[in-house]
Amino acid sequence: MIAGKDPMVGRALDLLVPELDVTPDELLLAAHAGATRLRAVRRRRQTVAVVAFAALLLFAGAAVAAKKYDLLPFLHTSDRNSARFSVSPSRTYHGAAVLALTCPGAKQGRFVCHVSSPLAGGTRIYELGMRTDKVPLLTRQSMLASLEHAQGVDPAQVAKVRADLADVGDDFIRALAILARIETVSGSSGSSGPSGTERVPPRGVPAWAACSEVTLATFRCRPLAALTGVASGTPLYRLQPSSGWRRVKAPGSQPSDFALMLERLLGRKPTAAETRFFIDFATVAANAVGGPTGPKRGTTLIGVSNAHDAALLAARSLGVRTRNVSAVAQPLPPRLPGGLTRSGTHLYRVSFDLRAERRRLYVYVNRSARLHVWRVVWVGTKP
Amino acid sequence: MTELASTIEAAYRARAGEFLRVATAIAGSREGGRDAVQEALTRAFARRGTFRGSGTLEAWLWKAVVNSARNVRARSPLVAGDPQIDTAAHDVAAEQRDAVRAAVAALPERQRLALFLRYYADLDYAAIAAALGVRRGTVSATLNHAHEALRAALGEEVLA
């Protein structure tokens with residue numbers, strides 16, 4: 001026997017995956033293109049984060065604070081499978097994010113978890129869902145700077161937004177800064193059952209937890225729901241369904257109504273200039289997100305159970321009122337944008353009315369097998 | 001292209017077939033394997049600044065490919081028995097192949113990964129250890145266990 005090799009095992013494995021013909025150039029080209037886009041997206045995330053934030057926060061189903069800077073009353077949600085929380089713009093988590101944790105003592109308050117395998121059986125298994133994004137620090141100056149660097153957007157439109165910004169009060173910008181810190185993660189349990197119902201964790205056990213590394217083998221976690229000041233980059237874990245889960249009536253959908261949210265946050269009705277600014281700003285954001293030089297990877301989970309609904313949400317979550325939203329599945333193009341991979345990826349052409357104009361976006365969605373939800377992973381004005 | 005990017009490209013070109021074969025085995029399908037290698041290369045090129053030089057570049061690349069393939073597999077668990085893998089010699093060895101697939105699938109993940117890296121990529125123990133983030137001695141023990149388990153599960157008639 002060759003050291004460490006058993007010829008018979010080798011023959012058996014040859015049956016499983018024979019030697020493959022490969023053309024290195026093909027994958028190298030795609031990888032170089034993907035890397036270029038990845039780096040460009042990172043740069044843009046720094047320079048035009050403000051422009052993109054409108055879509056981002058509303059993709060996240062942002063809530064608002066009625067009393068300025070007091071987020072807690074507004075981070076609670078009736079959906080047991082969701083968690084709404086705020087991200088600190090000044091704190092960053094640099095620790096590890098393992099794939100799975102076993103948390104026998106998961107409850108309200110702090111609890112300790114042990115590093116586990118995603119394939120481990122048992123209850124109180126939490127699997128990594130995502131890391132929190134860095135939130136933009138919003139000021140009038142940073143917004144102006146971001147507009148300066150916005151790419152893939154009609155310059156006249158940018159100039160209009162810049163002019164609108166001059167008419168907007170500082171309290172309005174502070175309100176946007178608060179909104180930008182709030183994120184929501186959600187995911188149905190993905191199991192079949194009577195329509196209008198969903199499975200939820202046992203009472204007192206959080207569906208989502210924010211965790212940080214203590215030692216190589218242990219993590220300290222806290223329930224994510226209503227948590228404030230979460231460091232950017234913090235790994236978020238979702239409880240895996242087990243025998244203790246109960247079936248309850250599913251909460252109704254809660255569409256974002258931006259005008260209402262702003263009004264509650266500001267404690268007054270927004271002025272005409274402020275409303276105009278946000279509508280234009282959201283439009284610029286959508287175009288910057290989707291423009292050929294300004295694509296934006298979806299960074300937040302949208303907990304919907306099918307690809308078509310996830311695609312529809314992309315338009316309904318722009319932050320402005322869209323009507324007559326429809327989505328039509330499209331064949332995948334030969335080359336996918338942004339280094340997306342083909343497996344599990346679907347493309348939809350989404351059409352909607354926005355301010356009396358018919359608009360069109362191309363939305364790529366991908367299923368998270370781990371979380372049983374479909375996610376928007378790319379939005380563009382071209383396939 | 002920077003020097004490091006050129007080195008990554010050269011390392012990939014030298015072993016492209018092995019990278020794809022290991023990724024295919026882990027991901028469970030040819031398409032998944034291609035996706036995994038593409039993802040790994042994309043990240044390697046985009047994040048080459050994170051290569052600390054504490055190990056070899058090839059080990060770093062193997063680790064990236066293994067992790068990407070595991071992610072692809074996690075995203076698409078249903079492709080485990082994807083027939084695209086085994087279009088060759090379909091009629092001759094179908095039963096044997098099914099038996100091998102079941103036996104390999106029953107192995108703990110670390111044993112599976114060590115086998116794939118040892119047989120499909122011909123990596124030595126040190127390289128496997130670096131790719132899997134374990135000690136060299138662990139690789140030796142893991143492969144021994146895997147061999148024993150496969151022999152027990154398949155019997156001499158399948159392995160012969």
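Here are some notes on the predicted model, covering its nonpolar cores, one helix pair and two unusual backbone angles.

1. **The main core.** The largest nonpolar core has 60 residues, and the members touching the most others are Leu13(A), Tyr12(B), Val37(B), Leu115(B) and Phe116(B). Helix H2 of chain B (residues 16–27) gives the largest share of this core, with 8 residues. As general background, nonpolar side chains in soluble globular proteins tend to be buried together.

2. **What Tyr12(B) touches.** Leaving out residues up to four places away in sequence, Tyr12(B) has contacts in chain A with Val22(A), Pro24(A), Leu27(A) and Leu28(A). On the chain B side, Tyr12(B) touches Phe19(B), Val37(B), Leu41(B) and Leu61(B). Val37(B) is also one of the residues that touch the most other members of the core.

3. **A second core.** There is another core apart from the largest nonpolar one, made of 19 residues. Its members include Leu138(A), Val158(A), Leu179(A) and Leu265(A).

4. **Helix H6 of chain B.** This helix runs over residues 109–119 and is mostly covered, with 9 of its 11 residues buried. The buried stretch includes Leu113(B), Leu115(B), Phe116(B) and Leu117(B), but also Gln111(B), Arg112(B) and Arg118(B). Two of the buried residues, Leu115(B) and Phe116(B), turn up again among those touching the most other members of the largest core.

5. **How H2(B) and H6(B) pack.** Which way do H2(B) and H6(B) run relative to each other, roughly parallel or roughly antiparallel? Their axes cross at roughly 155° and come within 9 Å. Because angles over 145 degrees count as roughly antiparallel, that is the label for H2(B) and H6(B). The crossing is right-handed.

6. **The residues in that contact.** From H2(B), Arg21(B), Val22(B), Ala25(B) and Ile26(B) meet Leu113(B), Phe116(B), Leu117(B) and Tyr119(B) of H6(B). The contact between H2(B) and H6(B) breaks down into 7 nonpolar residues, no polar ones and 1 charged.

7. **Ala226(A).** Have a look at the backbone here: phi is positive, about 65°, although Ala226(A) is not a glycine. Ala226(A) sits in the chain A loop between strand S8 (218–223) and strand S9 (230–232). Its relative accessibility is 12%, so Ala226(A) counts as buried.

8. **Asp122(B).** Here is another non-glycine with a positive phi, about 60°. Asp122(B) is in the loop of chain B between H6 and helix H7 (125–132). With a relative accessible area of 48%, Asp122(B) is partly exposed.

Terms used
Residues numbered from 1 in each chain as written. Chains lettered and ligands numbered in written order. Predicted model: local features only at pLDDT ≥ 70, side-chain atom pairs only at ≥ 80, totals over all residues. Heavy atoms only, no water. Buried < 20%, exposed > 50% of the residue type's maximum accessible area, 1.4 Å probe, protein only. Helix = DSSP H or I, 4+ residues; strand = E, 2+ residues; numbered from the N terminus. Core = buried A, V, L, I, M, F, W, Y, C linked by side-chain atoms within 4.5 Å. Contact = heavy atoms within 4.5 Å. Axes fitted to C-alpha atoms, helices over the stretch in contact; angles between N-to-C directions. Parallel < 35°, antiparallel > 145°, perpendicular 65-115°, else oblique. Left-handed = near helix turned anticlockwise from the far one by under 90°. Nonpolar A, V, L, I, M, F, W, Y, C, P; charged D, E, K, R; others polar.
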